[in-house]
Amino acid sequence: MNEPNFLPEDAFPGNDDPPRKKPSPTDEAKSARFRTRLTIVLAVLILVPSMYGFVGKFYEFVRIYRGDWEGSFAIAPMLNYLLASGGFLCLFFWATANRMFHDIEEPKHAMLDNEQRLDQQLGGKP
Amino acid sequence: MTSDVKPLLPRHDDLVNERLVAWYFLAALTFLTVSMLAGLLVALQLIRANPLDGVELLSPARWRMVHTNAIAYGFLANAFLGCLHWAIPRLTLRPVASVALSYFIFSAWQFVVVCTAAGIILGPSFQAQDWVAELASQFHISMSLGAQGVEWGETPFWIDPVAQLGLLLVAINFMTPIVRQRGPMYVSLWYFMAAFVWTFLTYGMGNFMPEYVVGGVSGGAVGGLFIHDLVGLFVTPLGWGLMYYFVPIMLKRPIWSHGLSLVGFWGLAFFYPLQGIHHFLYTPIPMFLQYGAIISTIAVELVVTTVVINFIGTIWGDGEVLKKNLPIRWFYCGMIYYFITCFQCALQVTLTFQKLIHFTDWVVGHAHLVMFGVFSMWIFGIMTYLFPRLIGRDWYSRKLCEIHFWFSAVGVFIMFLDLGLAGVFQGYYWASLAPWDVSVTGSQSFWVVRAFAGLMMFSGTLCFLVNLYLTWRGPVRELNPDIDVAPALA
Ligand code: HEM
């Protein structure tokens, strides 16, 4: 005999769990401000050094190209890195130009909404 | 924000091929079982209790490679492909490019994994045959028929092109619905898209460059980049992408900050590939490259922090759910282990630390925590959540699901602590210039504990398999799909 099943009640989206208490608009605004500030701080802390890393590798590459014998055998991994990161740099610029980061928090709501609606096709149960 | 009048969505059944997801999961679990048995065999060999001692084809050296390859390409790759067949169509509201192609990739991938195992096990014995040597000299093939001499790239040279083609087809099949997306993309799709490109490039770089293009130390540098990128640019983006998808839908609340998750993504894209050389500190690779790798490894901790902050922010105020929601518990336990491994990484990448732990069991402990404690645990969480939907039945036993969780979580943590400690001891034995044998004898008790920890993990997996079988035999659940839907978008 099956034991009391735990996924539909406890773990499944679209089930009959009571709705969560909604935070007040003031709390929501405060938390959104905090979120934005933290995102900006971490963006600067992460993306600036990573750009530095990219430029550094590029500089190493140029140095080696100009005949620094010590690092010449490292040219293969370095080229790999530069090609991959160069591609991502282009993608980043393309995404920015195409307003991919415009309403930056919107996709998370759209995704959740779609998920819940897809699950409702199954009557809220798997 | 979403508008009030919502367009109809396609039918789930038109988006997701559930049968294929189930097949991928079953293949993954089969290879996991083989790999764990192989791991146990190697563990027994190290405590001089190998039951297959003397059987050449089943020698531990071959089985160690089967252990790691079956995990990477048999378990993780299959499980990820199954998860992606669920997540990508639902995220993009478009099916994959072709279901027929999906089935072809599924079969081709199993062929690749089985051939890899066959090559590793049978290759060296075949190589010794006269007719093979003759053919090799006739066609100027100087490579080994068995394992290729690249760590994690042991897939024999003759199967590499097939695997590379398979990865290309995977990218085409999944990228098609992603590139048809219009407007801002959800973070998981960024990760998946990147993973398809990175995995293809990484596999090609690691398996072809050292074999045909660059040799010596330069080949070593490429090898370092390869083993690191396999974890960082194949497993990590897929794992994170899946967590950004499954955690919010299970908690029924959006991820705390989508902006922060994108910062993490771009940080990973630019930082991660810089670190490969950190596997080869104290080697003839120039110091400026070694220092660059060290600094970027420490910097990646910041990237990891964004992920951890985001997931803590998402579950904040709802910790109770960890008790009753098993998939969420798998996910968050994996995240704690993830943070531990990354913290460990920041320490072990320093030259001071490397002096002690390089080549010791510390690294093996670290590898198990990250591969099993993090990514496998996330996969188990997803399987625990999805299997009832895939086979239309509720889990037969919650108790067995709980045992699977606790045996895995505790077992791998014991293994991690035990091997970490063993590594420190081994490091000091070697530093004292005592004979090698002394360090082997000194490691015995740690290796015995490792074997028991492995048995615990394996027992957990067996519970999961038994539960799955009993669930599959149980009664089917009634569904109620009467709801308006739109045809799937092309
Ligand atoms: C039944 C449980 C397991 C046992 C007893 C076990 C045992 C072992 C042993 C003995 C080794 C070789 C260590 C050496 O060369 O000194 C090894 C390597 C490895 N195992 Fe496992 N293993 C188990 C499960 C797993 C699982 C489930 C994964 C991944 C999900 C995994 C990932 C690895 C990796 C990545 C390595 C290579 C480590 C390195 O080269 O540094 N193992 N394992």
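**Exercise 1. State whether B:Arg329 is buried or exposed, and describe its surroundings.**

*Solution.* B:Arg329 has a relative accessible area of 10%. Buried means under 20% relative accessible area, exposed over 50%, and partly exposed in between, with a 1.4 Å probe and protein chains only; B:Arg329 is therefore buried. The model is predicted: local features need pLDDT of at least 70, side-chain atom pairs count only at pLDDT 80 or more, and totals for chains, interfaces and linings use all residues. Residues are numbered from 1 along each chain as its sequence is written, chains are lettered from A and ligands numbered from 1 in the order in which they are written, and side-chain values use heavy atoms, leaving out hydrogens and water.

Next, locate the residue: B:Arg329 belongs to helix H12 (residues 326-348) of chain B. Helices are DSSP runs (H or I, at least four residues), numbered from the N terminus.

Finally, list its partners. The side chain of B:Arg329 comes to 2.9 Å from the backbone oxygen of B:Leu322. Beyond neighbours within four places in sequence, its contacts (heavy atoms within 4.5 Å) include B:Arg398, B:Glu402 and B:Trp406.

**Exercise 2. Identify which side chains of chain B offer polar atoms to the ligand, and which helix gives the most to its shell.**

*Solution.* Begin with oxygen: a ligand oxygen atom is 2.6 Å from an N or O atom in the side chain of B:Arg64. Turn to nitrogen: polar side-chain atoms of B:His67 and B:His368 lie 2.8 Å and 2.7 Å, respectively, from a nitrogen atom of the ligand.

Lastly, H14(B) gives the most to the shell, with eight residues.

Definitions and conventions
Polar contact = N/O pair within 3.5 Å; in protein donor to acceptor, adjacent residues only side chain to side chain. Helix = DSSP H or I, 4+ residues; strand = E, 2+ residues; numbered from the N terminus.
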